[in-house]
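This report describes the fold, the surface and the charge pairs of one protein chain. Please look at the sequence and the model before reading on.

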Amino acid sequence: THTHTCVRWHECREEARALSERLTTLTIRMREVEMENMDLKRSRENFDRILERRDSEINMKDEELQTYVAKEDEQIIQQQKELQLYAAKEEDYVKTKNNLQIRVRQLEQKMWICRQPMLPRISMR
């Protein structure tokens, strides 16, 4: 039984040494995984910061675009008002011109009549 105990002791000792190596290997791998995890966490945080910055830039550009569009819309509305005002003035000008032309013709007719020698009036009796 002494030999059997010695063999068993050596087997246990060998198994303990193998388990110790395995534990060391697993401990090292666990530290590597923790480091990779920390790297991934930092990468994720950097990525999140980049996304936030891009979102902020996009929002700023969107606000700039909305401001630009609002200014353009205001300019278009102002130009339309000016065009309507111009059209109304043009319409008034045409009416005034037509009225003046009618008045000029009437005056020319009166002047023509006034320049004619007095014609005897023929009565219908």
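Of the 125 residues of the protein, 0% count as buried, where buried means under 20% relative accessible area, exposed means over 50% and partly exposed lies in between (1.4 Å probe, protein chains only). This is a predicted model, in which local features need pLDDT of at least 70 and side-chain atom pairs count only at pLDDT 80 or more, while totals for chains, interfaces and linings use all residues. Residues are numbered from 1 along each chain as its sequence is written, and side-chain values use heavy atoms, with hydrogens and water left out.

**Overall form**

The protein has one helix and zero strands; both are DSSP runs, with helices (H or I) of at least four residues and strands (E) of at least two, numbered from the N terminus. Along the principal axes, the C-alpha atoms occupy a box of roughly 175 × 25 × 15 Å. The radius of gyration is 53 Å, against near 14 Å for a compact globule of 125 residues; it is taken over C-alpha atoms, and the globule rule is 2.2 Å times the number of residues to the power 0.38.

N59 lies in helix α1, which covers residues 2-115. N59 counts as partly exposed because its relative accessibility is 45%. From N59 to E14 the separation is 45 residues in sequence and 66 Å in space, C-alpha to C-alpha.

**Surface and charge**

About 12,800 Å² of the protein surface is accessible, and 58% of that belongs to carbon and sulfur atoms. The protein carries 24 positive and 24 negative charges, whose mean positions are 15 Å apart; Lys and Arg count as positive and Asp and Glu as negative, without His or the chain ends.

**Salt bridges**

Side chains of opposite charge can pair when their charged atoms come close. The structure holds eight salt bridges, each being a side-chain nitrogen of Lys or Arg within 4 Å of a carboxyl oxygen of Asp or Glu. Three of them are listed here, including the N to O distance.

| Salt bridge | N to O distance |
|---|---|
| R42 and D39 | 2.5 Å |
| D48 and R44 | 3.1 Å |
| K95 and E91 | 3.7 Å |

R42 and D39 both lie in helix α1, three residues apart, about one turn of the helix. D48 and R44 are four residues apart in helix α1, so about one helical turn separates them. R44 is exposed at 54% relative accessible area, whereas D48 is partly exposed at 27%. K95 and E91 are also four residues apart in helix α1, about one helical turn. Elsewhere, E14, R17 and E21 are joined into one network by salt bridges that share partners.

Key
Areas by Shrake-Rupley, 256 points an atom, 1.4 Å probe, with all protein chains shown as cover. Charge placed at Lys NZ, Arg CZ, Asp CG, Glu CD.
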